[in-house]
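Biologist: Got a minute to go through this one with me? I'd like to start with the strands and then jump around a bit.

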Amino acid sequence: MINHEFKCRACNSQNHKMILDMGELPLANAFVKEPTDQDDQFIWPLSLVMCQDCDLLQIKDEMPREKLFSNYLWVTSTSSSAKKHAEWLSEHLWVEFGVNSHHEKPFLVEIASNDGFFLEHYRDAGFDILGVDPSNLAEEADNRGLTSIRDFFGKKVARHIIETKRQPDVIVARNVLGHSSELQDLVEGMDELLPPDGVMILEMPYAFMLNYETQYDTIFHEHLSYLTVGSTSNLLARYGMKIVNAQFVDMNGGSILCEVRRTEHPTPENHHALLSLENLIHLNTPFGWRNFSANTHRQRDELVTMLQKLRADKLSVLAYGAAAKFMTMLNYCGIDTTLLGAVGDANPRKQGLLCPGVRIPVVAPSALMEMNPDYVLIGAWNFKDEIINYLRKEFGYAGKFIVPLPLPEIID
Ligand SMILES: [Zn+2]
């Protein structure tokens, strides 16, 4: 049963404005093993709304979170951009908050530590580490000596950490706020865990980029909230926390890295540049999103028309990067095997599977290149440069690329 009653994840308000209605789509991570599997036949409404009371952009209809995480294929460490980012972030955190700590071995807790890829970097930088992740990847991390609790982070886990260890000096939560269905319990847990002199680092895709580049494909069922400096500040303020600094980082198509302190901490707030920008373009009001729906429809129409024309011209188009966001795009646009023969992906967990809904096979990069495509549509466009470089250098691919957003563009 779909509960169409809306209740804001951050503030319980029922006042909301529709920003984009995408209809009903399969789960972006419901990859299919056998053609007879039915997992991807389960479809659910997907629409973006804005809370009128706290400005939080969010998915309107939500599914049970157990279902969302049951088949989790994303592994952080498969991307070289993530590797660079992990190296930079661990060094940055150590210099800023580790090296001068009054603890001999400052304690860092990472919320949603995934397979422990970033944890390993924090440990190597000098931190005493602990990860928390609800997926089976937490066990893999634990087995590799990257101590991890397999659970959803919230008040209960925060208390457990304090009882069995202590409050950490640093909390890191990358791409967590947006994926949490129990947002209030999550932030209450952060509130419980963050000591008076502690610091919390939040990283999340910046909804400014969603708007600016029409990144509608980053909207999928697992991605529940879409954050700005304004809406995140509103949320944290209710739990006695504040953003003291926010910087833009080139991750996941454009993210913000926020440094969070307790409200009473002396560090002054210094995130006015981004907040002023948000206010100037009305990013935290429905008015700032007035063209978003039309821009999304236009992208779909142009992409489908382009693929149909290439097919009519007997040119072959394959894709690269079976990211969750690409599954949203394929299903929303209705692009199936008649327009796109295969999707290449370097993640061995995805190879051999079929894309949810549209049933396009996922193959290894080498297999994709053996099919000799005239065009490669870049599904994981946030790794565009990396993918172009990889296929050109590694396989001598001399064909063209299609970058799908903000409007489809062909690169020779
Ligand atoms: Zn709200």
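Biologist: Which residue is the bridge partner of proline 26, over in β2?

Modeller: That's isoleucine 43. Keep in mind we're looking at a predicted model.

Biologist: Noted. And how do β1 and β2 pair, parallel or antiparallel?

Modeller: Antiparallel, with eight bridges between β1 and β2, the latter covering residues 43–51. Both belong to an open sheet of four strands, ordered β1-β2-β3-β9, and the pairing there is antiparallel.

Biologist: Which strands sit at the edges of that one?

Modeller: β1 (16–26) and β9 (225–226), each of which pairs on one side only.

Biologist: Is there another sheet to look at?

Modeller: Yes, an open one with six strands, running β14-β13-β12-β15-β16-β17. Its pairing is mixed. The edge strands there are β14 (362–363) and β17 (409–411), and each has a partner on one side only.

Biologist: Mixed, ok. Where would I see a parallel pair?

Modeller: Go to β15 (residues 375–378) and β16 (residues 400–403), which pair in the parallel sense over three bridges. As a landmark, valine 376 is opposite phenylalanine 401 of β16.

Biologist: While I'm around there, what kind of peptide bond joins leucine 405 and proline 406?

Modeller: A cis one, with omega at about -5 degrees. Proline 406 is in the loop between β16 and β17.

Biologist: Any other backbone oddities, say a residue with positive phi that is not a glycine?

Modeller: Alanine 112, where phi is about 65 degrees. You'll find alanine 112 in the loop that runs between β4 (107–111) and α3 (117–125).

Biologist: Changing topic: domains. Where are the bounds?

Modeller: The domain assignment puts domain 1 at 76–289 and domain 2 at 292–411. Their centres, taken over C-alpha atoms, are 31 Å apart.

Biologist: And how many residues are in contact between the two?

Modeller: 19 residues from domain 1 with 18 from domain 2. Together the two domains bury about 1,700 Å², and carbon and sulfur atoms account for 62% of that.

Biologist: Which residues of domain 1 lose the most area to domain 2?

Modeller: Thr214, Tyr216 and Asp217, which together make up 40% of what the domain 1 side buries.

Biologist: What about polar contacts and salt bridges across the interface?

Modeller: Five residue pairs are in polar contact between domain 1 and domain 2. As for elements, α2 (80–98), α4 (137–143) and α7 (207–212) each give at least two residues to the domain 1 side that touches domain 2. By class, that side has six nonpolar, ten polar and three charged residues. There's also one salt bridge across the interface.

Biologist: Let's look at arginine 349, then. Which side chain does it meet in a salt bridge?

Modeller: Glutamate 140, at 3.3 Å from N to O.

Biologist: How many salt bridges does the whole model have?

Modeller: The count comes to 20. One I'd pull up is arginine 9 with glutamate 62, where N to O is 2.6 Å.

Biologist: Why pick that one? What does the pair tie together?

Modeller: Arginine 9 is in the segment before β1, while glutamate 62 is in the loop between β3 (57–59) and α1 (65–69), so the pair ties together parts that lie 53 residues apart in sequence.

Biologist: Nice, that's what I needed. Thanks!

Note on methods: Residues numbered from 1 in each chain as written. Predicted model: local features only at pLDDT ≥ 70, side-chain atom pairs only at ≥ 80, totals over all residues. Heavy atoms only, no water. Domains from an automatic or database assignment. Contact = heavy atoms within 4.5 Å. Buried area = accessible area lost by both parts, 1.4 Å probe. Salt bridge = Lys/Arg side-chain N within 4 Å of Asp/Glu carboxyl O. Polar contact = N/O pair within 3.5 Å; in protein donor to acceptor, adjacent residues only side chain to side chain. Nonpolar A, V, L, I, M, F, W, Y, C, P; charged D, E, K, R; others polar. Pairing = 2+ DSSP bridges.
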